[in-house]
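What follows is a walk through one chain, starting from a single residue in a loop and ending with the chain as a whole.

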Amino acid sequence: ERMDISVVNNLEGQSFEIIADHAQLYRAFQNLLINAMQAMDHGGEIELRIAEEKDYYFIDVRDTGSGISPENLRKLFNPFFTTKERGSGLGLSIVRKIVEVHNGHITIESREGEGTKVMVKLPRKTAG
């Protein structure tokens with residue numbers, strides 16, 4: 001609230017079961033949400049959407065922030081790459097590693113001045 005950022009989601013109290021390391025996924029999504037917040041200097045909106053399809057969850061984190069240039073978009077997952085004054089540049093490379101260790105996939109779409117959308121695909125919990 002103090003940053004004038006609203007959060008919209010479609011969770012509606014649902015829980016989504018997945019075989020995963022809770023702490024690692026928490027760290028990954030925390031990093032994505034912090035990045036989204038930091039991209040909005042003057043407020044905005046973060047939208048969190050989860051969809052289920054057959055064997056996967058699709059989680060989208062979208063912000064209405066400043067967006068990312070095409071040149072920087074290609075470098076986002078490179079270790080130590082950052083556009084921030086403070087930061088190690090390891091956040092998104094760690095997020096990608098966490099998602100991949102969980103047999104998932106992450107992609108990012110962005111346009112300067114229009115915001116960013118991070119899409120994470122993770123396998124659902126399977127019986128057995």
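In this predicted model, Lys54 sits in the loop between strand 2 and strand 3. Its relative accessibility is 74%, over the 50% cut-off, so Lys54 counts as exposed. The phi angle of Lys54 is near 35°, a positive value in a residue other than glycine. The loop is the turn of a hairpin: strand 2 and strand 3 form this hairpin with 2 residues between them, and Lys54 is in the turn. In space, the C-alpha of Lys54 lies 28 Å from that of Phe77, and the two residues are 23 positions apart in sequence.

The two arms of the hairpin come next. Strand 2 covers residues 44-53 and pairs with strand 3 in the antiparallel sense, over 8 bridges. Within this pairing, Glu52 has Tyr57 of strand 3 as its bridge partner. Strand 3 also pairs with strand 5, which spans residues 115-123; here too the sense is antiparallel, and there are 8 bridges. In this second pairing Arg62 stands opposite Lys117 of strand 5. Strand 3 therefore has a paired strand in both strand 2 and strand 5, given that two strands pair if at least two bridges are found between them.

Which side chains of strand 3 are buried, and which are not? The strand runs over residues 56-63, and its side chains alternate between two faces. Tyr57, Ile59, Val61 and Asp63 point to one face and are buried. Tyr56, Phe58, Asp60 and Arg62 point to the other face and are not buried. Tyr57, the partner of Glu52, thus belongs to the buried set, whereas Arg62, which stands opposite Lys117, belongs to the set that is not buried.

The helices can be read from the far end of another loop. Phe80 lies between helix 2, residues 70-73, and helix 3, residues 91-101. Like Lys54, a residue other than glycine with a positive phi, Phe80 is not a glycine and has a positive phi, of about 75°. Phe80 has a relative accessibility of 62%, so it counts as exposed.

Helix 3 has buried residues at Leu92, Ser93, Val95, Ile98 and Val99. An α-helix has 3.6 residues a turn, so residues three or four places apart point the same way. The buried residues of helix 3 pack against helix 1 (22-38), strand 4 (105-111) and strand 5. Strand 5 is thus in contact with these helix residues and is also paired with strand 3. After helix 3 comes Asn103, which has a positive phi, near 60°.

It remains to place these parts in the whole chain. There are 3 helices and 5 strands, and from the N terminus on they run β-α-β-β-α-α-β-β. The radius of gyration is 15 Å, close to the 14 Å that the globule rule gives for 128 residues, so the chain is as compact as a globular protein of that length. Along the principal axes, the C-alpha atoms fill a box of roughly 45 × 30 × 25 Å. Of the 128 residues, 32% are buried. Among contacts with a separation of 6 or more, 63% join residues 24 or more positions apart.

The surface and the charges complete the description. The chain exposes about 8600 Å², and carbon and sulfur atoms supply 48% of that area. The chain has 16 positive and 19 negative charges, and the mean positions of the two sets are 6 Å apart.

Conventions:
Residues numbered from 1 in each chain as written. Predicted model: local features only at pLDDT ≥ 70, side-chain atom pairs only at ≥ 80, totals over all residues. Heavy atoms only, no water. Buried < 20%, exposed > 50% of the residue type's maximum accessible area, 1.4 Å probe, protein only. Helix = DSSP H or I, 4+ residues; strand = E, 2+ residues; numbered from the N terminus. Rg over C-alpha atoms; globule rule 2.2 N^0.38 Å. Contact = heavy atoms within 4.5 Å. Areas by Shrake-Rupley, 256 points an atom, 1.4 Å probe, with all protein chains shown as cover. Lys, Arg positive; Asp, Glu negative; His and termini not counted. Charge placed at Lys NZ, Arg CZ, Asp CG, Glu CD.
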